[in-house]
Each structure stands twice: as C-alpha cells, then as structure tokens.
Amino acid sequence: MSNQTHPYHLVNPSPWPALGATALFMGTMGGAMFMHQKPGGGYLLIAGFALVLYTMFVWWRDCVHEARIDHAHTPAVTRGLRAGMALFITSEVMFFAAFFWAFFSASTLPKLPLADTWSIAAGAWPPAGIHPFDPFHLPFLNTLILLLSGSTVTWAHYAIIKGNRSETIKALWFTVILGALFTSCQAFEYTHASFGFKQGIYASTFYMATGFHGFHVLVGTIFLSVCLARAYKNQFTPQQHLGFEFAAWYWHFVDVVWLFLFIFVYCGLANTLMPAFENIFTGANVMIAFFIALAVAGYAGFRIMAKGGLPKAHH
C-alpha cells in the first residue's frame, strides 16, 4: 500500500461474491421448487435466504473494516461509492415507476378489454365492489409518521457532522421507532382492508405498490438500526460516515415514494386532474413545448460557444 501512486482502492481477493451468487442460486431454485411443491424446496429456500443474510453481513463488515481500519475510502473511492448508491436509488425509482404506470393506466383510462379478467366498467374507478381506504385516516397518520422520521434522520445527520454522539443515538432511536410504527400501522391497515389482492386491477396495483413500499420501509428501518448499533460503537465521525449517509438517502427516497402513493393512489389526485391533463397534453401543445425546448437548448449552446466553449479540465 505504501508504494501506491493512485487514490483508488484495489480490493483484496474475497470469497463473498461467489458465496453470494451461490446463495442467490439456492434461494431462486428453492423458491421455484417450493411453489411447484417439489420435495426439499422449502428447506433450500430457507438455506439460500439465510446464506444471503450471512453474505451481506460479512461483506459489509469487510467494507467497514476497509473504511475505518485500512483507510481505503479515499475521496476518489468515496465519490465512486456515492455514484453507485445514486444509481441504485435511480433503479429503485424506475422500479416504482412501473407500479405507478400500471395504476395510472388502469385508473385514468379504464379499458373494456380487462372485463375478460376483471369486472371493470368503462370510466368507473375504483371498480364496482371496491371500497378504498379513507386517505385521511391511517394513510394520513402514516404520512405524518414518515415525514417526522425524515426530520429525525436529518437531525441525526447534523448531529454526526457536529460530532455529537449522544444526539446522534437519540435521533436514530426516534427514526427507528417511527419506521417500526409505520410498518405496524400498515399491517393493521392491510388486515382491515375490504378487498383482497386478487380482487381486481385496483387491488392488485394497490397492494403491489404499497406492499413493496412497505418492504422498503422495513429494509430502511433495518439499515438505520445497523447505523444505530454502529453509533453506539462510535464508528461515525464528522469526516467519515458514508454508511449512515447512504441510509439517510435511502430513507428520504422512501419518504418521497410514500408522498406520491398518498397523493395519487390514496387520494386519487390523478383521476381528479385527468380532464385537465387531457386538455393540456394535446398533440399541438406537446409539439409547441418541443420546439420551445429545442430553441432554449440551441440558445444555451450558442451562449456557451460565444463564451469560448466549455471550461477545460485542469490536469
């Protein structure tokens, strides 16, 4: 390491990628066998899942060791890790976009061909027989819980930057408790729902979107619980707290997704605004917007070139 002339971290040979791939293969095969009622499928699924958890633990343990003991997370490495986390969250945005797309497609433009599978009348949403949740009952309470948890995780971040360990621990405890409270409220909501998962397009898209969000809240709560344990061990410093920073990014992402769910799924804002959307997003208006954007981009490019082009990189 003393002869290294670059700021990057060359990872030592590790067994964890191979072990992780093996664990995922076991879990996938076990899940398929279990769903097809093949003997031993359940045991293989459990073993694969347990091995995945073990791989996650030991791999991230090594990452923490590389950061704290080996001091391998240089500014260049940190930038790469941040870029990786940003790309991961971007992939999560695309994941939820698919569920929102399905919900909007079914809700704003109910289609008669779906009548072969689910009973849905043209222009009727929610479909007959579906009684959606009151958005200003438990969903509104959960919205307040998540917004408050976003504040407490930001409080924890500032406490770390100030080097205040006791405030960090206190704020993280509040955040973890609020995350667990959200999950409990959502479980209570599901058990008191008037419709089941298989009861039509509304129920399927509703449970897929809110259920996967609930799973992300659970993962985020575990993520922050690990950060809480690390805070007790005094592993975060104002200069080095990337693990917590990623947990905070993930938690804020979960908050934003819930706001979209509350506004567009629970409150049905997309259906309320649909007549306005149909008048605004006409072919002519979209074409006009395209030419305006093209003109703005051309003008910006002209201004850049008039000032001597893009700034040159310094080596």
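**Close-up 1. The lining of the second largest pocket is mostly a nonpolar affair, with 11 nonpolar residues, 2 polar and no charged.** This view, like the others here, comes from a predicted model. The pocket shown is the second largest, and its volume is about 280 Å³. A total of 13 residues line this pocket. Look to the centre for Phe-96, Ala-97, Phe-100, Phe-104 and Phe-260, the lining residues that lie nearest to it. Two helices, H3 (75-108) and H7 (242-266), each bring at least two residues to the lining. Helix H3 gives the most, with 8 residues.

**Close-up 2. A salt bridge joins Arg-82 to Glu-245.** The N to O distance between these two side chains is 2.8 Å. Their pairing links distant parts of the chain, since Arg-82 sits in helix H3 and Glu-245 in helix H7, 163 residues apart. These are two helices you have already met, as both H3 and H7 supply residues to the lining of the second largest pocket. Is Glu-245 buried or exposed? Glu-245 counts as buried because its relative accessibility is 10%, and the cut-off for that class is under 20%. Arg-82, with a relative accessible area of 30%, is partly exposed.

**Close-up 3. Within helix H5 (residues 165-191), Lys-170 and Glu-167 lie 3 residues apart.** That spacing is about one turn of the helix. The two residues form a salt bridge, and their closest N and O atoms are 3.4 Å apart. Lys-170 is partly exposed, with 40% relative accessibility. Glu-167 is also placed in the partly exposed class, at 23%. As a general reminder, side chains of opposite charge can pair when their charged atoms come close.

**Close-up 4. Arg-61 and Asp-62 meet through their side chains in a salt bridge.** Here the N to O distance is 3.3 Å. Arg-61 has a relative accessibility of 42% and so counts as partly exposed. Asp-62 is partly exposed too, at 23%. How many salt bridges does the count give? The count comes to 3 salt bridges.

**Close-up 5. His-36 and Gln-37 both belong to the loop between helix H1 and helix H2.** The helices on either side of this loop are H1 (16-35) and H2 (41-68). What lies 2.9 Å from a polar atom of the His-36 side chain? It is the backbone oxygen of Ala-32. His-36 is exposed, with a relative accessible area of 60%. Gln-37 draws the eye for its backbone, having a positive phi of about 60° although it is not a glycine. For context, most residues other than glycine have a negative phi. Gln-37 counts as exposed because its relative accessibility is 72%, and the exposed class begins over 50%.

**Close-up 6. His-71 is another residue other than glycine with a positive phi, near 55°.** You will find His-71 in the loop between H2 and H3. Its relative accessibility is 58%, so His-71 counts as exposed.

**Close-up 7. His-192 lies in the loop between H5 and helix H6 (201-232).** Is His-192 buried or exposed? His-192 is exposed, with a relative accessible area of 53%. How far apart are His-192 and Phe-133 in space? Their C-alpha atoms are 9.7 Å apart, while 59 residues separate the two in sequence.

**Close-up 8. Cys-185 and Cys-227 are two buried cysteines.** Cys-185 has 11% relative accessibility and therefore counts as buried. Cys-227, at 3%, falls in the buried class as well. How many disulfides does the count give? The count comes to 0 disulfides.

Conventions
Residues numbered from 1 in each chain as written. Predicted model: local features only at pLDDT ≥ 70, side-chain atom pairs only at ≥ 80, totals over all residues. Heavy atoms only, no water. 1 Å grid on protein atoms, 1.4 Å probe; cavity = no way out; pocket = protein on both sides within 12 Å on 5 of 7 lines; lining within 4 Å. Points joined across faces, edges and corners; volume = space filled by probe spheres on them. Helix = DSSP H or I, 4+ residues; strand = E, 2+ residues; numbered from the N terminus. Nonpolar A, V, L, I, M, F, W, Y, C, P; charged D, E, K, R; others polar. Disulfide = S-S within 2.5 Å. Buried < 20%, exposed > 50% of the residue type's maximum accessible area, 1.4 Å probe, protein only. Polar contact = N/O pair within 3.5 Å; in protein donor to acceptor, adjacent residues only side chain to side chain. Salt bridge = Lys/Arg side-chain N within 4 Å of Asp/Glu carboxyl O.
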